[in-house]
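Ready for a few short exercises at the bench-side screen? Take a look at the structure, try each task, and then follow the worked solution.

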Amino acid sequence: MKNKGNFAQKQNRSSWILLAPAMVLILMFSIYPAVKALITSFQTGAGLNMQWAGFENYARVFKDKTFIQSLKNCIVYLIIQVPIMLVLALVLASALNDRKLKCRGLFRTAVFLPCATSLVSYAIIFRSLFATDGFINSILVNLGVLDQPFNFLSNATAAKAIIIIALIWRWTGYNMVFYLAGLQSIDYSVYEAAKIDGATPFQTFTRITVPLLKPTILMTAIMSTNGTLQLFDESVNLTFGGPGTSTMTMSHYIYNQAFMGVPNFGYTSAMAFIILIMVAILAFVQLKVGEKDE
Amino acid sequence: MSRKLGTFVKYAFLVVASILSVFPLVWMIIAATNKSVDVIAGKLTFGTNLLENYRNLIALQPVWSSFGNSCKYALLVTVVALVISSMAGYAFEVYKSKWKELGYTLVLMTMMVPFVALMIPLFQMYSKAGLLNKAIGFMLPSIATPLLIMMFRTGAKSFPKEIIEAARIDGLGEIRIFFQMFVPVTKSTYAAAAVVTFMNAWNNYLWAKVIMSTDATQTMPMLISNLISGYVTDYGVLMLAVLITTIPTAIVFFALQKNFVEGITGAVK
């Protein structure tokens, strides 16, 4: 008995040795700064001279036209880009799951390839492609579609559309890989049986693939929502947030407020917590919707 | 007839999707070999201006020092993060207890905190501790991440517990069981985690922008971002810089593509 006790104690000690480095780092670099930011969001002033401000910062957020604009932009990206991307990824994954398909590996690598580019890189590639003197304009002018180059990036709607196109390009393959992985755990004979029963590809897709992949779809939806609400690199490098602030994301605005000009850390922390609340609410809603359908 | 049409539509769709996916990258590579005027004119064949673009690029920006920085930061983060996060993921799964489950929930909850919320307190902390413009400063927040810990916990779930029991009977210590039994067996999880971590570290633009403020410590994403701030853009030079930034992530991507898919399968299940 005594021996066994020692054994358990030893295991317990080892387990904390394995856990300690990660836990210390998470406490220092995630939890401590998160709590500090939460406290700061209720304060006003700068440096050592911080005073309690109650909900003043949060009230100010909703009167800040630029913040509201950046919030709207993120919501536009979210409700247009995420559904298109996830549906595309699902369709691609189910097309590539067909074992009789020729050149499967080639197609998969091609669609997954955009993930190999860094975020700033692809933002700059798309900026260059759609510039006034860029490739898209020169093709459209040469084909006679346009009389003269169109400045996509100085038109609010076009600039938003380009960000959405770029996001779809970069992330569809990424989500597709999750679906392909999920499809591999579905018994392939289910598909063969459906084919024998005369199911159309569309029926197979909506009645077999989508319901069976639901946990994966839910996970990718939550990940994409989280990512979209925190977009930064694309806004900074593809459109510079412009024209004006019409494509600026929340993170971009918060960064500018914190590090360009006179910082007001209380106010920027309040804005950051608005993002956190949105992420939490949307994740909760998506989980609830996912549960209800089952 | 309708089946044939269906097959045709399927292939057409896949071919178009593949071309659209690959084209911007091909265009980038072609542009890097051409003069800016040719890029603007829409030239789609390889040019002979690569060397000239390279000379102009190194005259503009300290490319190799920034490239070295990016490699150094990303490799360090990857190696240390794999060790520390896999230890934690394994411990959460193998030595379950009430307190550890609570700790794990806390770890998962940090996933929801947006980085812009952490950025300011971290910046203040770093200014006090003298960690600005330091490689170690770049690394510290990326070592123990909820995503990695979750991946390794899932990996540990499918690791046979009998191996652990057998090793204990043989008198192997707990820490040695982890390093000698678990690590070699879960190679595919490590490979997938390595891809994710390396990519994230290489791409981490916001954090680098916050703490790295000198030319000597800047990263490649910061460098190419600086290249577009001028009024006139030399597309040949710019795309060469983008190409150089893409090469390391592309190598990691191709080398570990298969493991990435396997590792993700494990993590999703």
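**Exercise 1. A helix and its buried side**

Find which residues of helix H8 (residues 188-196) in chain A are buried, and work out how they are arranged around the helix. Keep in mind that this is a predicted model.

Solution.
- Step 1: Go through H8(A) and pick out the buried residues, which are Tyr188(A), Tyr191(A) and Ala194(A).
- Step 2: Look down the axis of H8(A); the buried residues fall within an arc of 120 degrees, so they line one face of the helix.
- Step 3: Ask what covers them. The cover for the buried residues of H8(A) includes two helices of chain A, H7 (156-184) and H9 (201-212).
- Step 4: Move on to what comes just after H8(A), where Gly198(A) has a positive phi of about 85 degrees.

**Exercise 2. One glycine in a strand**

Place Gly45(A) in its secondary structure element, decide whether Gly45(A) is buried, partly exposed or exposed, and list what Gly45(A) touches beyond its sequence neighbours.

Solution.
- Step 1: Gly45(A) sits in strand E1 of chain A, which spans residues 43-46.
- Step 2: Its relative accessibility is 30%. Buried means under 20% and exposed means over 50%, so Gly45(A) counts as partly exposed.
- Step 3: Leaving out residues up to four places away in sequence, Gly45(A) touches Met50(A) and Asn264(A).
- Step 4: Now compare sequence with space for a chosen pair: Gly45(A) and Phe62(A) are 17 residues apart in sequence, and their C-alpha atoms lie 19 Å apart.

**Exercise 3. Chain B as a whole**

Describe the make-up of chain B, its overall dimensions and its surface.

Solution.
- Step 1: Count the elements. Chain B has 14 helices and zero strands, so reading from the N terminus gives α-α-α-α-α-α-α-α-α-α-α-α-α-α.- Step 2: Check the dimensions. The C-alpha atoms fill a box of roughly 70 × 70 × 35 Å along the principal axes.
- Step 3: Set the radius of gyration against the globule rule. Chain B has 23 Å, while a compact globule of 269 residues would have one near 18 Å.
- Step 4: Turn to the inside. Of the 269 residues in chain B, 53% are buried. Among contacts between residues at least 6 apart in sequence, 73% join residues at least 24 apart.
- Step 5: Finish with the surface and the charges. Chain B exposes about 12100 Å², and carbon and sulfur atoms supply 69% of it. The 21 positive and 11 negative charges of chain B have mean positions 5 Å apart.

Methods:
Residues are numbered from 1 along each chain as its sequence is written. Chains are lettered from A and ligands numbered from 1 in the order in which they are written. This is a predicted model: local features need pLDDT of at least 70, side-chain atom pairs count only at pLDDT 80 or more; totals for chains, interfaces and linings use all residues. Side-chain values use heavy atoms; hydrogens and water are left out. Buried means under 20% relative accessible area, exposed over 50%, partly exposed in between (1.4 Å probe, protein chains only). Helices (H or I, at least four residues) and strands (E, at least two) are DSSP runs, numbered from the N terminus. The arc is that of the directions from the helix axis to the C-beta atoms. Contact means heavy atoms within 4.5 Å. The radius of gyration is taken over C-alpha atoms; the globule rule is 2.2 Å times the number of residues to the power 0.38. Accessible areas come from the Shrake-Rupley method with a 1.4 Å probe; for residues, only the protein chains shown count as cover. Lys and Arg count as positive and Asp and Glu as negative; His and the chain ends are not counted. The place of a charge is taken as NZ of Lys, CZ of Arg, CG of Asp or CD of Glu.
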